[in-house]
Amino acid sequence: MLKITPYLGILVVIVSIAGLWYPKLGYFLLIVFATLLAISPFRGRWFCGNLCPRGSFNDFWIGKISLKGKIPKILRSMWLRVPIFAIMMIFMFFRLAQTQGIVNKIGMVFVIMCLTTTLIAVLFGILFSPRTWCTFCPMGTLQKMIGGNKYKLKVDLDRCTRCGACLKCCPMQLKVNELIDKSDCIKCGRCVELCPKNALKFER
Ligand code: SF4
Ligand code: SF4
Ligand code: SF4
């Protein structure tokens with residue numbers, strides 16, 4: 001399984017800041033969108049836990065300054081997430097329609113989106129937990145809607161001793177060892193590796 005490295009997170013900083021002077025860097029977001037759209041029908045939010053530069057940024061860089069508290073429950077609600085997704089898409093297409101097809105202006109739309117979401121991710125990451133942004137990120141919501149029931153994390157209750165190790169390590173703060181919907185699992189595999197009883201595995 002691929003693992004997110006701290007180095008991927010540097011891309012977020014490059015696009016958000018250097019992109020203000022070199023807007024073509026914003027096109028990097030198109031690669032990100034295309035990759036997660038290609039993966040999500042088969043593996044749900046796997047991209048979030050293994051390849052996303054923002055995810056890496058949240059884990060490794062925001063993680064160093066986060067208060068590491070509880071992620072507010074309301075942020076997981078689809079009643080909030082779907083409107084956020086819709087607003088983001090309307091904003092993006094509205095701004096793109098104003099670019100008259102000029103390459104740098106299009107790039108700048110993506111740079112501003114990256115910078116804005118980075119600032120929100122940093123703020124929420126510090127105040128709550130590093131991956132707080134990932135509980136309501138529009139691209140995470142989209143992946144959940146497309147493939148939330150794919151590559152599911154399964155728990156073997158006969159093996160589970162309820163030691164709680166999986167709960168402590170989950171960056172999304174999911175109830176890992178319960179038989180409930182885990183479509184927001186980002187397939188990072190940390191719980192699977194840590195479980196002393198081999199009670200967790202991904203459905204093939
Ligand atoms: S939720 Fe959004 S920012 Fe977080 S890892 Fe997934 S795509 Fe990246
Ligand atoms: S780490 Fe394994 S044994 Fe411990 S609570 Fe989680 S699933 Fe159960
Ligand atoms: S449930 Fe396990 S694999 Fe899924 S996000 Fe949490 S730690 Fe990662």
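The shell around ligand 1 divides into 6 nonpolar, 3 polar and 3 charged residues. This is a predicted model, so please keep that in mind for everything that follows. The three charged positions are among these names: R45, C48, C52, R54, G55, R131, W133, C134, C137, M139, G140 and Q143 are the residues around the ligand.

Where do they come from? The elements with two or more residues in the shell around ligand 1 are α4, at 53-61, α7, at 132-136, and α8, at 138-147. Of these, α8 contributes the most to that shell, with 3 residues.

Now the space itself. Ligand 1 sits in the largest cavity. That cavity holds about 390 Å³ of space. Its lining is made of 28 residues, and V32, F33, R54, C137 and M139 are the ones nearest its centre. You have already met R54, C137 and M139, which also belong to the residues around ligand 1.

Which classes make up that lining? By class there are 21 nonpolar, 4 polar and 3 charged residues in the lining of the largest cavity.

As for helices, the lining of the largest cavity takes at least two residues from each of α1 (6-17), α2 (28-43), α3 (46-50), α4, α5 (78-97), α6 (103-127), α7 and α8. The element that gives the most to this lining is α2, with 5 residues. For the ligand shell, remember, the element that gives the most is α8.

How many cavities of 30 Å³ or more does a search of the whole structure find? There are 3.

The second largest has about 90 Å³ of space. It is lined by 14 residues, and those nearest its centre are C160, C163, C166, N177 and C195. Sorted by class, the lining of this second largest cavity comes to 9 nonpolar, 3 polar and 2 charged residues.

Two of those cysteines can be looked at more closely. Are they buried or exposed? The cut-off for buried is under 20% relative accessible area. C166 has 10% relative accessibility, so C166 counts as buried. C195 is at 14%, and therefore C195 counts as buried as well.

With cysteines in view, one last count. A disulfide here needs two cysteine sulfur atoms within 2.5 Å. By that rule the count is 0 disulfides.

To recap: ligand 1 sits in the largest cavity, and the second largest cavity has C160, C163, C166, N177 and C195 nearest its centre. That is the end of my part.

Note on methods:
Residues numbered from 1 in each chain as written. Chains lettered and ligands numbered in written order. Predicted model: local features only at pLDDT ≥ 70, side-chain atom pairs only at ≥ 80, totals over all residues. Heavy atoms only, no water. Near = heavy atom within 4 Å. 1 Å grid on protein atoms, 1.4 Å probe; cavity = no way out; pocket = protein on both sides within 12 Å on 5 of 7 lines; lining within 4 Å. Sits in = over half its atoms within 2 Å of the grid points. Helix = DSSP H or I, 4+ residues; strand = E, 2+ residues; numbered from the N terminus. Nonpolar A, V, L, I, M, F, W, Y, C, P; charged D, E, K, R; others polar. Points joined across faces, edges and corners; volume = space filled by probe spheres on them. Buried < 20%, exposed > 50% of the residue type's maximum accessible area, 1.4 Å probe, protein only.
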